[in-house]
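These are my notebook entries on a protein and its ligand. I set out to record what surrounds the ligand, where the ligand sits, and which backbone features deserve a note.

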Amino acid sequence: MVANKLLTLVLLRQAPRILLGMKKRGFGVGRWNGFGGKVEPGETIKAAARRELLEESCLVCNDLKEVGLLKFEFLGNPQIWEVHVFTSNNFEGEAKETEEMRPQWFEEKSIPFDQMWPDDILWFPHFLNGKKFSGYIVFEGMDKMVKYDVEEVESI
Ligand SMILES: Cc1cc(-c2ccco2)c2oc(N)nc2c1
């Protein structure tokens, strides 16, 4: 029984806009996404989210709130990926391009779902409405969802 792989995802908002980054290399390359990555040993999940945001966008946020928990299974791989989703509208600095990400502010009504992870269309409506959400998604490869269940929850 392998431990779940812990990942973070930070989506900053400045209504009516949301900050996304175009992933320039590695996992998820070519897709717009929030900022995030792996949780290092000895690091809390929230500290990892703050660190990855800074590394990938040069923004500092000391006010991250966890709003979502998404668990992913990939057919043929026993390890579950656990993505902890955070948000804030209170951060410092200007988003800057890094080696990992090219940041861009999007109007909420113009989110580029066709260039994002397929699961995003399932949980963004809850996220944009300020609700907490939880989901379980099974992928076959990186593009096809073969099973999914996403719901609003009272607490994560
Ligand atoms: C399988 C998977 C992973 C991630 C991820 C990687 C790092 C942080 O999150 C996703 O992000 C989104 N939006 N869908 C995702 C699916």
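**Entry 1: the shell around the ligand**

I began with the surroundings of the ligand, which consist of Thr8, Leu9, Phe27, Asn33, Phe72, Phe74, Val83, Trp117, Asp119, Asp120 and Trp123. I note that the model is predicted. Sorted by class, this shell holds seven nonpolar, two polar and two charged residues.

**Entry 2: polar contacts with the ligand**

Which atoms of the ligand lie 3.0 Å from a polar side-chain atom of Asn33 or Asp119? For Asn33, I found an oxygen atom of the ligand at 3.0 Å from a polar side-chain atom. For Asp119, the partner at 3.0 Å is a nitrogen atom of the ligand. I then looked up Asp120, where an N or O atom of the side chain is 2.7 Å from a nitrogen atom of the ligand. Next I recorded the surface: the ligand taken alone exposes 380 Å², and the protein buries 96% of this area.

**Entry 3: the pocket**

I asked where the ligand sits. The ligand is placed in the largest pocket. Three elements give two or more residues to the shell around the ligand: β1 (5-14), β5 (65-74) and α2 (120-128).

As a general matter, a probe the size of a water molecule, rolled over the atoms, shows where empty space is left. The largest pocket contains about 590 Å³ of space. Its lining is made up of 31 residues, and those nearest the centre are Leu7, Phe27, Asn33, Gly36 and Gly37. At least two lining residues come from each of β1, β4 (35-38), α1 (45-57), β5, β6 (77-88) and α2. I classed the lining residues as 12 nonpolar, seven polar and 12 charged.

**Entry 4: backbone features**

I recorded beforehand that most peptide bonds are trans, and that most residues other than glycine have a negative phi. Which form does the peptide bond from Ala15 to Pro16 take, cis or trans? This bond is cis, with omega near 10 degrees. Pro16 is found in the loop between β1 and β2 (17-23).

I also looked up Cys58, a residue other than glycine whose phi is positive, near 70 degrees. Cys58 belongs to the loop between α1 and β5.

How values were computed
Residues numbered from 1 in each chain as written. Predicted model: local features only at pLDDT ≥ 70, side-chain atom pairs only at ≥ 80, totals over all residues. Heavy atoms only, no water. Near = heavy atom within 4 Å. Polar contact = N/O pair within 3.5 Å; in protein donor to acceptor, adjacent residues only side chain to side chain. Areas by Shrake-Rupley, 256 points an atom, 1.4 Å probe, with all protein chains shown as cover. 1 Å grid on protein atoms, 1.4 Å probe; cavity = no way out; pocket = protein on both sides within 12 Å on 5 of 7 lines; lining within 4 Å. Sits in = over half its atoms within 2 Å of the grid points. Helix = DSSP H or I, 4+ residues; strand = E, 2+ residues; numbered from the N terminus. Nonpolar A, V, L, I, M, F, W, Y, C, P; charged D, E, K, R; others polar. Points joined across faces, edges and corners; volume = space filled by probe spheres on them.
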